[in-house]
Each structure stands twice: as C-alpha cells, then as structure tokens.
Amino acid sequence: MKYFTVLISFLLLLSCSNSKNIIDRPITFNEERNELTLDYLSERYGLEQEAPTINPKIIVLHWTYIPTLQKSFDAFYDTKLPDWRPDITSASGLNVSSQFLVDQDGTIYRLMPETTMARHVIGLNHCAIGIENVGGTENTPLTQDQIDANIWLVNYLKNKYDIEYLIGHFEYTNFEHHALWLEKDEGYRTQKTDPGIDFLNAVKNATKHLNFATNPQKNTY
Ligand SMILES: [Zn+2]
C-alpha cells in the first residue's frame, strides 16, 4: 500500500511538471467596453443580449503581427479602437481583443473571461474563442513553444466547452454561408493570412483525437 501511494504521488508529480498554467492578465473591461460589445452583438449580428457572453463553438488561432508581448497586450488593452472616428466608421468602435494571448516562450495569458465576447473574427465573434500568438513577423516567426502551448490550450478548451471547429483566422470566410455566420454586411471583410498554414497544421495534427468537424467548403459562386 505504501509503495502504491508513493507510485501515485510520483505519477502525479510527473503529470504536474508536464502541465501548463494560465496566467490572468486582464485588459480593460469596464462599462464602456461592456456597452460597445453589446452594441456590436446587436448591430453586427442582430443579437440582443443582457450580457456580452458567447456560446463557444469555434476556436480561432491568430498571430498578432506585433513582435513583443507588451506591445501585443497594449494593442488589446484599451476599450476603443485607437483610430476610431464615429463620423467615418461603418463597423464599430469596439477595440479588437481575444480571450487568450500566447507569448513566444509559450506562456499563456488570459485577457478576459473565456465566455465574454472578444472582437477578433468577423462574422463569428458570438461563438468564437480567440487565441492570439505574439509575433508572426519576419523577424519574430511563431515558435515551437507556441505550438505546444496552443495544443495544450485547445485540449483545455475542448474539454470544457462544446466546441465543433478549430480554424486559423485565414479560414474564417469559409463560414460565410454557415449557420454560425451572423455578420450582416457583405462588404465587411478583411484579408487574413494568420497564423500561417504550417502553424495551423501542426496544432490540427496534434489535436486530431479531439475530432473537430471539417471546415465548411468556401462557396465560390
Ligand atoms: Zn487574426
């Protein structure tokens, strides 16, 4: 019995040393951001909600295209888009953000509650959890540590929520005719390449056992 207990303790120790942590590092989520998020849900998606919550169905992987953790964090921190002007904007003044930010060394930061809406993917924010990765520029490509951290985080999220899809940001327009797509303005699209095909495939290949659904085909008519 004693040996058994020792063995179990040893195994627990092993599994713990292999596990990752999530570090909470909140961006501003004050009354103004709350209101802007509710407005976004209403104006973009026709969803009238009491609270800016989401029902997670998709995980979207990104790169920030900003070389450092601090500058990436700063980009999401403020409530309003830095260049937003109410008189010329057609979309929303709500600043971009994501629920998670992964540094180049694989450290995982949670910027806001997992089921609060972040603005990170047109059409799908009401059901998408975003994982941003620091870097993606020529001099700061995404790293193996970030791949490992994303794999861990995807497992963590899939175990917690009823998530159907894992996609890279560049794949988001595949969902234009899917039931989950709610963006009303057909002219509101941006071209995306993040987080790169190699990074996405590495995470997808390592999470095949989670049985995510195949992406819908992009409609080309
Ligand atoms: Zn992105």
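Let's start with Asn 34, which you'll find in helix H2, the stretch covering residues 31–45. Keep in mind that this is a predicted model. Is Asn 34 buried or exposed? Asn 34 counts as buried, because its relative accessibility is 18% and the cut-off for buried is under 20%. Leaving aside residues up to four places away in sequence, Asn 34 touches Phe 29 and Pro 52.

**The zinc site**

Next, the metal. Which residues hold the zinc ion? His 62 and His 169 each coordinate the zinc ion through ND1, and Asp 194 does so through OD, at 2.1 Å. Along the chain, these donors are spaced as H-x106-H-x24-D. His 169 sits in the loop between strand S6 (165–168) and helix H5 (197–206), and Asp 194 sits in the loop between S6 and H5 too, so this pair ties together parts that are 25 residues apart in sequence. As for cover, His 169 is buried, at a relative accessible area of 6%. Asp 194 counts as buried as well, with 5% relative accessibility.

**Over in helix H5**

Helix H5 also gives us Asn 201. This one is partly exposed, with a relative accessibility of 34%. Where does Asn 201 stand relative to Ile 147? The two are 54 residues apart along the chain, and their C-alpha atoms are separated by 9.9 Å.

Here are the accessibility values for the residues we've met so far:

| Residue | Relative accessibility | Class |
|---|---|---|
| Asn 34 | 18% | buried |
| His 169 | 6% | buried |
| Asp 194 | 5% | buried |
| Asn 201 | 34% | partly exposed |

**Strand S5 and its partners**

Now for strand S5, which takes in residues 128–133. How many of its six residues are buried? Six of the six are, so the strand is mostly covered. Its residues point two ways: Ala 128, Gly 130 and Glu 132 go to one side, while Ile 129, Ile 131 and Asn 133 go to the other, and all are buried.

S5 has company, too. Strand S2 (residues 58–63) pairs with S5 in the parallel sense, over six bridges. In that pairing, Ile 59 stands opposite Ile 129 of S5. Strand S3 (residues 100–102) also pairs with S5 in the parallel sense, over three bridges. Which residue of S5 is the bridge partner of Val 102? That's Asn 133, one of the buried residues that point the same way as Ile 129 and Ile 131.

Terms used
Residues are numbered from 1 along each chain as its sequence is written. This is a predicted model: local features need pLDDT of at least 70, side-chain atom pairs count only at pLDDT 80 or more; totals for chains, interfaces and linings use all residues. Side-chain values use heavy atoms; hydrogens and water are left out. Donors are N, O and S atoms within 2.8 Å of the metal (3.2 Å for Na, K and Ca); water is not among the atoms, so sites may look incomplete. Helices (H or I, at least four residues) and strands (E, at least two) are DSSP runs, numbered from the N terminus. Buried means under 20% relative accessible area, exposed over 50%, partly exposed in between (1.4 Å probe, protein chains only). Contact means heavy atoms within 4.5 Å. Two strands pair if DSSP finds at least two bridges between them.
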